[in-house]
Amino acid sequence: MSLSRIVLLLLLSPLLLAAAVLYLPVFLAGSALYMLRLRRTRGQASGTAYEPLQGRVTYHLLGNRPDPVAVELSRRLPATSWGFTPVLLAPIAWLFKLIGLLPELFQYPPPIPTSFTGMMGARCKLIDDALDEHLANDDQVVLLGAGWDVRGYRRPSDQTGPWFEVDTPGTQAIKRAGVDAAGLDTSDITYVTCDFTEQTWLEALDGEGFDRTRRTFVIWEGVSMYLNDDAIAATLRAVATLPAGSRVAFDLFTRQWLDTKAGRTAGRSIAMTYGEPWTWGLELDGALAPTIDAYVG
């Protein structure tokens with residue numbers, strides 16, 4: 001931080017403190033309203049889908065990953081349509097921009113090694129980069145468990161390869177209503193509903209324009225930790241049937257980390273907030289575990 005910025009902050013510190021005191025009741029009330037709206041839609045749509053969306057809206061506000069589409073969709077979703085961004089996210093972003101000190105939680109991309117707080121930015125960057133490569137090759141793209149992801153609505157106009165969003169009927173219905181209300185262009189998006197307990201996602205894609213002989217990029221973000229061994233194996237076996245050059249980008253937790261104090265605490269917080277507990281982590285052998293632990297911090 002530069003000396004001039006330090007001097008400015010010292011001069012403004014009484015005003016910032018007063019503003020923080022005045023803003024605290026607004027923040028608490030806004031947080032309570034967000035939780036209330038989440039609970040109203042619990043069981044109807046994914047609650048944890050709001051987490052990456054909030055991250056990308058914050059990146060946008062901070063200027064490190066422009067995504068006006070994410071902002072537009074957030075204004076039309078049940079838990080965030082009441083002014084969530086200007087009331088809760090924008091003041092926080094403004095404060096961090098003012099002081100010039102950005103926590104890892106809001107960094108895109110975060111530093112490497114990456115801690116748990118930077119996980120959202122790390123996986124977003126990883127998938128963004130891989131997606132750019134596949135869009136350049138005109139591969140078809142499948143968003144598996146699409147949630148509130150808006151990557152398909154912010155593609156360059158010359159990259160119009162087939163794009164499929166697969167999700168449960170409840171989550172997808174709410175998203176489509178929000179997308180329509182935001183006036184987003186969906187002409188190149190194919191929505192596919194799937195009851196994952198009754199059919200596989202590949203079966204759901206049949207008859208929807210999906211070409212099993214075409215190279216495919218599968219985005220499977222923020223999903224694996226809510227599944228079980230059989231569902232993980234079935235998904236990866238399905239990806240393995242796609243043509244050579246197809247890839248899947250997904251994130252996961254290790255069982256070793258989930259069993260730590262930090263992992264258990266974070267898991268309880270997610271379950272209490274969204275009613276969607278973490279159920280799966282990759283069991284690492286003795287050779288891999290130290291390497292992964294060192295990488296993620």
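**Notes on helix H2, two cavities and Ser224**

1. Starting with H2: Tyr50, Pro52, Leu53, Gln54, Gly55, Arg56, Val57, Thr58, Tyr59 and Leu62 are all buried in this helix. Bear in mind that this is a predicted model. With 10 of its 13 residues buried, H2 is largely enclosed by the rest of the structure. Note that the buried set takes in Arg56 as well as Gln54 and Thr58.

2. On geometry, H2 looks regular in length. Its 13 residues reach 18 Å from first C-alpha to last, close to the 18 Å expected at 1.5 Å a residue. Just past the helix, Gly63 has a positive phi of about 85°.

3. H2 also matters for one of the voids. The structure has 2 cavities of 30 Å³ or more, and the second largest holds about 30 Å³ of space. Its lining is made up of Tyr50, Leu53, Gln54, Val57, Ser74, Thr80, Phe84, Thr85 and Leu89. H2 (50-62) and H4 (84-99) each give at least two of the lining residues, and H2 has the largest share, with 4.

4. Why might several residues of one helix face a single void? An α-helix has 3.6 residues a turn, so residues three or four places apart point the same way. From H2, the lining includes Tyr50, Leu53, Gln54 and Val57, and these four are also on the buried list for the helix.

5. What is the chemical make-up of that second lining? There are 5 nonpolar and 4 polar residues, with no charged ones. If you plan to look at the polar side, the residues to pick out include Gln54, Ser74, Thr80 and Thr85.

6. Now the largest cavity, with about 50 Å³ of space. Around it sit Leu38, Thr41, Arg42, Gly43, Ala45, Gly47, Thr273, Tyr274 and Glu276. By class, this lining splits into 3 nonpolar, 4 polar and 2 charged residues. Arg42 and Glu276 are among the residues in it.

7. Last, a look at Ser224, in the loop between strand E4 (216-220) and helix H8 (229-240). Is Ser224 buried or exposed? Ser224 counts as buried because its relative accessibility is 0%. A polar atom of the Ser224 side chain lies 2.7 Å from the backbone oxygen of Asp251. Leaving aside neighbours within four places in sequence, Ser224 is in contact with Ile232, Phe250, Asp251, Leu252 and Trp280. Asp251 therefore turns up in both the contact list and the polar pair for this buried serine.

Technical notes
Residues numbered from 1 in each chain as written. Predicted model: local features only at pLDDT ≥ 70, side-chain atom pairs only at ≥ 80, totals over all residues. Heavy atoms only, no water. 1 Å grid on protein atoms, 1.4 Å probe; cavity = no way out; pocket = protein on both sides within 12 Å on 5 of 7 lines; lining within 4 Å. Points joined across faces, edges and corners; volume = space filled by probe spheres on them. Nonpolar A, V, L, I, M, F, W, Y, C, P; charged D, E, K, R; others polar. Buried < 20%, exposed > 50% of the residue type's maximum accessible area, 1.4 Å probe, protein only. Polar contact = N/O pair within 3.5 Å; in protein donor to acceptor, adjacent residues only side chain to side chain. Contact = heavy atoms within 4.5 Å. Expected span 1.5 Å × (residues − 1).
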